[in-house]
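Student: I would like to go through the ligand sites of this model. Can we take them one at a time?

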Amino acid sequence: MPSLDEAASHSLPFSFAPVPMKILFVASEGLPYSKTGGLADVIEGLPRALREMGHQVAVLLPRYRGNKISSTLVSSVTVALGDALRFPALAEGPSYNGVRYFFVDDPEFFDRPHLYGNKNDDYPDNHARFTEFSRAAIEFAKRVWLPDVIHCHDWQTALVPVLLRTQYAKDPVVRSLPVVLTIHNLGYQGIFPPAALRSSGLPDSLFTMDALEFFGNLSFLKGGLIFADYLTTVSRCYAKEIQTPEYGFGLEGILRNRAERLVGILNGVDYAIWSPEVDTLIAQNYSVHNLDGKRACKKDLLDTFHLPEENMDRPLIGIVSRFVDQKGFDLIAEISAELASENLALAVLGTGEAKYENLFKKLADKYPARIGAKIGYDNTLAHKIEAGADMFLMPSRYEPCGLNQIYSLRYGTAPIVRATGGLDDTIQPFDAQTQQGTGFKFQMYQGAALLDCVRGALKLFRDQSAWRALQANAMVKDFSWKASAGAYVTVYETAKRARIPRVVGTSK
Ligand code: ADP
Ligand code: GLC
């Protein structure tokens, strides 16, 4: 059996025939049903890859507005949230890629315009919504689909391990059920005032430093980090970073304590969706063997942003992002004048904090012939930017994995990234001497470092033969889910074995 760390190296040939497992994903979003960010892509791609390996996989999601179901399986599950009882239903939706999709159905909690809150504020009852979801997930496992392992994701489902090892610890059906928690982003922890403990139906005994208490508040994620059997995060670099004060958001000590059970497994991408050969959302398909279609995509992208044709010969930089501090846009604000004075064009798609929306809107107003900004969420446009841009910018302050830079590689769109988390693990700086490398990378979180890096990319773009070499290197990189899914199976197996009570000695 490979070790966890070996499993994460992706290169390990498995020396045993994996026994098919029943794996239950519990997550707050997942395609094709719901999405705000990369978590949803992972909850689509990883279950599919596990299914293709021969495992049985089910995904449990909240039933958000517009999610269609095929049948209601349990019309009322009694969930205690403190003094209040709630009665969500358990439902099944159409299967997809051979994966079964189930829902916790409580319209008052989940049939809302957004998943987690409006633009500026989280919904004030998020602790209750996701406590109900986590409690219902355990009831789902007991009554509908008992798995060999539960795989939870982020703070919204971090109470599943807490509940399994505390209030459900003596339940004969689920007490030995292994649970793995993946950290997609330590910046979102589910922190609530202490009163949320009682209204979540959790015992006061959990409000201690060794459990859910976090600087006087309640942290759902902290509970999950302590009670899950194994922890994973979405790149090897981020697994190391989160054990340091710079990236640990105050949880670095706990993560260091659990380092033996924490592994970084890089996200894969689904090339059936994100590849210029087969992408149905772009103007023209193309491949590493014939890049003609990429020019048609660039023209189409310029048209979409109402940018004039003269930009065809300028390097076009694309951005697709949630506009939050994590993504490093304050660096762009710092150098926006210098950036705009370079001979480049910029196409930006994103939504989020007003300060960043305004930054890009103002830039587009000031330089209408070279800079376009669309504020909003638009999947088709995200594909068009991947295909039509020459470069893709991700100057993140931190980035657990990041998917867009991996998509960019396949589209021959050179990523410009800061060396952090998954960005560091997936992008190699291009070396003009050896013609090796796939993109551009800077280290220090400083505007000047970003500007230097962008200038390096602009310079290389002028040497079209070197540029073609970079594109070819990037487009043949393989970050499909297969290797990473194998690494997760190793984690599931290890978690399962860790829960089997050891027989110490034998009776005479
Ligand atoms: P994060 O999950 O932190 O937002 P990732 O890079 O892992 O970052 O994933 C982001 C995903 O969300 C990608 O699939 C990206 O294309 C998509 N995305 C982000 N913002 C938008 C947007 N405004 N419109 C369409 N897709 C978006
Ligand atoms: C988070 C991270 C992102 C990662 C995604 C999927 O939202 O910010 O880096 O790619 O989750 O794991």
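Student: Which residues of the shell around ligand 2 are closest?
Tutor: This is a predicted model. In it, 13 residues surround ligand 2. The closest are His184, Asn267, Glu399, Cys401 and Gly402.

Student: Which side chain places a polar atom 2.6 Å from an oxygen atom of ligand 2?
Tutor: Set the backbone contacts aside. A backbone N or O atom of Cys401 lies 3.0 Å from a ligand 2 oxygen, and one of Gly402 lies 2.8 Å from a ligand 2 oxygen. The side-chain contact at 2.6 Å belongs to His184.

Student: How much of the accessible area of ligand 2 does the protein cover?
Tutor: On its own, ligand 2 has 310 Å² of accessible area. The protein covers 93%.

Student: Which helix gives the largest share of the shell around ligand 2?
Tutor: The shell draws at least three residues from each of domain 1 and domain 2. By element, the largest share is 3 residues. They come from helix α2, residues 38–52.

Student: Now ligand 1. Which residue offers a polar backbone atom to a nitrogen atom of ligand 1?
Tutor: Two other contacts use side chains and ligand oxygens: Asp41 at 3.1 Å and Lys327 at 2.7 Å. The backbone contact to nitrogen is at 2.8 Å, from Gly376.

Student: What share of ligand 1 does the protein bury?
Tutor: Taken alone, ligand 1 exposes 560 Å². The protein buries 93% of that.

Student: Which element supplies the largest share of the shell around ligand 1?
Tutor: Elements supplying at least two residues each include α2, β16 and α14. The largest share is 3 residues. It comes from β15.

Definitions and conventions. Residues numbered from 1 in each chain as written. Chains lettered and ligands numbered in written order. Predicted model: local features only at pLDDT ≥ 70, side-chain atom pairs only at ≥ 80, totals over all residues. Heavy atoms only, no water. Near = heavy atom within 4 Å. Polar contact = N/O pair within 3.5 Å; in protein donor to acceptor, adjacent residues only side chain to side chain. Areas by Shrake-Rupley, 256 points an atom, 1.4 Å probe, with all protein chains shown as cover. Helix = DSSP H or I, 4+ residues; strand = E, 2+ residues; numbered from the N terminus. Domains from an automatic or database assignment.
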